[in-house]
Amino acid sequence: MVAMKRVVFVVGLVACGDNVAPPDPGSCADYVRPARPASAGCLEPSAAEPWVLVPCDTGSAELGVWTLDDANLPAYDLLVDERCDAAAIAYTPRSPDRAMRDPLHVVGDGFGTVAMAHAGGGLDLYMQDRGHAWPVHVDPWRDEDDPDFAPQLGAAIGYIVDNNAGSEKDRVRSTRFADLPVATALATQRRRFGVGYVETVTELGALTVTRRTYAVPDTRALVTDVAIENRGAQERTVGVVELDDVNWHQLPVELVTSDLLAPSLTRDIDRRRRALAAQFRHRARYDAGARVASIATTYAGPDAVGPDAVAPFDQHPATLWLAPLDDGVHPDAAWLAEGELWDGTERTPPARAARDGSAATREVELPGEHQPGLLALRIQVTVPAGRTVVRRFGFGVVPADGDPVAAAAAVRAQRPEGTAEASRWRDRIVWAAVPGQPGAGALQREVAWSSYSALALATRDAYHGTRLLGQGGSYKWIHGIDGAIGDYALFAEALLFVDPALAADTLALSLATQRAPGRGDGGRYPYATTGVGDFTDMVRYDLRSDAYFLIPSQVARYVATARDAAFLDRRIAYWPRADGASGTVLEHLALTQRFADDTLGVGAHGLVAMGTNDYADGVLQTATEPATPAGASSTFNAWLLAGGFDVAADVVAPRDPALAARYRALRADQLARLEQHAWNGRWYERGFVDSGNPLGTGHLYLEPQVLPIVAGAVPPERRAQLLDLVRTHMDTRIGPMTVVPIDPSLPPGGGVDEPQVGGVWPVASAWLTEAYAQEDPALGWDSLVRNTLFAHAEAFPHLWYGVTSGPDSYYGPDAERPGEADAHLATALTDYPVFNTHAHTSVLRALVAVAGIRATAAGYAIAPRFPTETFAVTWPRFALRGTPDTIAGSFTPVGGGRVAMRVRLPSGLAIGPLTVVVDNATVPATRDGADVTFAIDTTAGVAAGWSVSR
């Protein structure tokens, strides 16, 4: 008894003594990384069931561990406290108080809803409908120059009000990880990033609160399921508070966003963007009858423009809404402004959330300065002992003139449920099983994860009226730009078998940026998009040239792959829309070629001109003698057209024979000139300066070595020579470096705005994988595996990025900061090192190449290049599976008609009779060497299945 009293006394002294401060709940002084489970590696995937993911924790790194969820979909469980753990600390040129150490996960629906879930709690909601903007933005930075700007918490913040607790303060418990004391946070909460959702499980005494936030397809809404399990012996009634901290953070273009240039540069950018909010006003409203809270935002600043005008930022923002979704559930409190829940700028769990509140209909007018508006609702939930009760909240956006009540009603009508929504993704992503090969289990997981991630990053552009898959990463979410225009074509290529409608829309968006024919620069593509229907050329890149060759090639690949010749007739407005000019896709392509012929023209040695750069920004700056946009030439551009204009000619020929003839003539001319001038006996040059001397002398460039192989333009002996050169000088355990010094006397890095020397770029790695696969399937598979997130995570497990997502480039293994995101004077990829779209689409492009699928104007040529004849890959619109004795597949065309098939035979069918079955009926077939040819008559939108066997 005496001992017990002594313990109580000591506890009281620590808490209340005059000279002893209470412990800091956020202190990392005693943090120790928890022991992680032993790695189990990966099981072997089954080609019979490629859609059944095998357990695989390869590539988990130190931040967490890969696992499978209840829907047998990949999930990533966070295992460390990022506030204290080195696994969340990475280099940045920013000051420590602005460094990103809060790992992110994308939660999207593929139809325009994009949210970023923070490991610490809260989600950013992103919109590209009318310029780049965060309607809700987690923003913890405390600016010493503006102490009244409170931290912004983000969307989907949840509190539990324990009606049985003592003091008012103790009654409000947070489910936000960042609010939990370091000493107990990991024991209190489990966190999971999943396909289509983010989930937390929080232990609050006898209550277990599970929150899953996910996007409901094509509703522009997020839904949070709140499941409360009562493990106690008594019934419990609690208040459930759902809060969305509205914070319109628009992203007008900023061309330079790296603190390497100036230590305060990013601070000043964020100050400008915060100040922009002061030009707006908000009307917050709670409609008790409809059970919907909303915030409408209006512009009150200078130089107002109409909603259809080109503008640097959005003056007609969307309205945001929050509502309970369950029938008969009525809030007993609604809060519409930060001051209704907190005093000052501290954002600890709000004690006022436990007080009696008003749920009557009301409106509040709020200034935009300091973003005081929020949407918060409380409902009462009674949970019987031993039972679980689930309540749901919806949070979404509607256009400025839209009706939030109707939007909420539409989501309620769908009756969404988190587990079911996750399962719906199974039919939308890619499944690949290649048993017996190194890394097969991890690759199966990665293509499923990356196909989801790519779709989840899809946005809308209201100005052009289309969906799109854009660049992402630091470019979109810090610079406020999207592109470059040629990159859209590469993103579309990755989607051809995944979501052809999104691929078509992305290509349409790229064409919609083309200047109207009546303008002085009619036919020109800008560098990148920004603002509302606006564009930027980044000061000197008005003639970035790769788009003029990538777009025709990828439009043709889309038409051939999707069997959608009608796409060529789709009418698309030119820029600006106010001019009223539009043209079909075919007319856009014809204008593209005229501009390429008449304005870009040809440079040194008659090869197509470089313009102000091709796909590698700053490549002209590597020249040591005069190199002008019209005088310098680009072998990269020439190889692009060599690899794509043959299909483009065949695709457009029925509608525009003259354009087809131009494509064929240009391709033949460039192939001859490349052979005559670009091949130096050891490798292909990157380009030529005005005098005809090689560009970038002393450096070896990856793309000119692999694109000729991809184009089928080199004989086998030269292919082997080029790939040996790449293996010797460029390839690494995380993929190839795209530029390396070939002259040892050269400095190790590129200059300002020059291509990164020694960097690894996934976009180019996919081309190398295809080239390796043509040489040797084992080499192709090895390259495919090394160019993955899991390979990067295995090589650099101390980094929090490069695990579930990544930037568009990494420093090579021998760099000062190997494996880290690039940081230079214009852009610090380190400051937003995830969700660059190339991090996810490049592996999808490479997988199609290794599967050996090539679309032609007439049909498909299929010659698998896996190192085994037993495999299965299932895309949403295409499937291919093989054994030594059979090869089979299916596809769903966008348009109908006869499809010619040429299929490489497996070893067991090399000789002897063949049986070809199409949709359960035997059809005529012809053996042609190692291939079999046959035809399939298809119907638009209907899957056609085929098989070849004995």
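## Strands, turns and salt bridges

Strands β11 and β12 (residues 221–230) pair in the antiparallel sense, over 10 bridges. This is a predicted model.

**A run of three strands**

Start with β11, at residues 207–216. Nine-tenths is not a bad way to picture its burial: 9 of the 10 residues are buried, so β11 is largely enclosed by the rest of the structure. In a regular strand the side chains alternate between the two faces of the sheet.

β11 has a partner in β12, and one bridge of that pairing joins A215 to L222 in β12. The hairpin of these two strands has 4 residues between them. There, D218 takes a positive phi near 60 degrees.

β11 also pairs with strand β10 (residues 197–204). That pairing is antiparallel too, over 8 bridges. Within it, E199 has R212 of β11 as its bridge partner. The hairpin of β10 and β11 has 2 residues between the strands. G205 in this hairpin takes a positive phi near 65 degrees.

**Unusual backbone spots in loops**

Which residues does a cis peptide bond join, with omega about -10 degrees? They are G483 and A484. A484 sits in the loop between β25 (482–483) and α9 (485–494). The peptide bond from W575 to P576 is cis as well, with omega near -5 degrees. P576 belongs to the loop between β28 (571–573) and β29 (582–584).

Next, look at phi. H370 has a positive phi near 65 degrees, yet it is not a glycine. Its loop runs between β19 (362–367) and β20 (373–383). Is H370 buried or partly exposed? H370 has a relative accessible area of 21%, so it counts as partly exposed. The cut-off for buried is under 20%. M538 is another non-glycine residue with a positive phi, about 50 degrees. M538 lies in the loop between β27 (534–536) and α11 (547–562). Its relative accessible area is 18%, so M538 is buried.

**Nonpolar cores**

The largest nonpolar core has 261 residues. Those with the most contacts inside it are M116, W875, M901, F934 and W946. Helix α13 (residues 635–652) gives the largest share of this core, 12 residues. Apart from it lies another core, of 15 residues, including L243 and W335.

Take M901 in the largest core. Beyond its neighbours within four places in sequence, M901 is in contact with Y860, I862, F891, V932, T933, F934, I936 and W946.

**Salt bridges**

Side chains of opposite charge can pair when their charged atoms come close. The count of salt bridges comes to 65. Here are some of them.

| Salt bridge | Closest N to O |
|---|---|
| D162 and R236 | 3.2 Å |
| D332 and R378 | 2.9 Å |
| D617 and R544 | 2.9 Å |

D162 in strand β7 (residues 157–162) and R236 in strand β13 (residues 236–244) are 74 residues apart, so to speak linking distant parts of the chain. Both residues are buried.

D332 and R378 lie 46 residues apart. D332 is in the loop between β17 (319–324) and β18 (333–337), while R378 is in strand β20. D332 counts as partly exposed, at 25% relative accessibility. R378 counts as buried, at 4%.

D617 and R544 lie 73 residues apart. D617 is in the loop between α12 (585–600) and β30 (633–634), and R544 is in the loop between β27 and α11. D617 is partly exposed, at 24% relative accessibility, whereas R544 is buried, at 6%.

One network joins D97, D143, E144, D145, R267, D268 and R271 through salt bridges that share partners.

Methods: Residues are numbered from 1 along each chain as its sequence is written. This is a predicted model: local features need pLDDT of at least 70, side-chain atom pairs count only at pLDDT 80 or more; totals for chains, interfaces and linings use all residues. Side-chain values use heavy atoms; hydrogens and water are left out. Buried means under 20% relative accessible area, exposed over 50%, partly exposed in between (1.4 Å probe, protein chains only). Two strands pair if DSSP finds at least two bridges between them. A nonpolar core is a set of buried Ala, Val, Leu, Ile, Met, Phe, Trp, Tyr and Cys residues joined through side-chain atoms within 4.5 Å. Contact means heavy atoms within 4.5 Å. A salt bridge is a side-chain nitrogen of Lys or Arg within 4 Å of a carboxyl oxygen of Asp or Glu.
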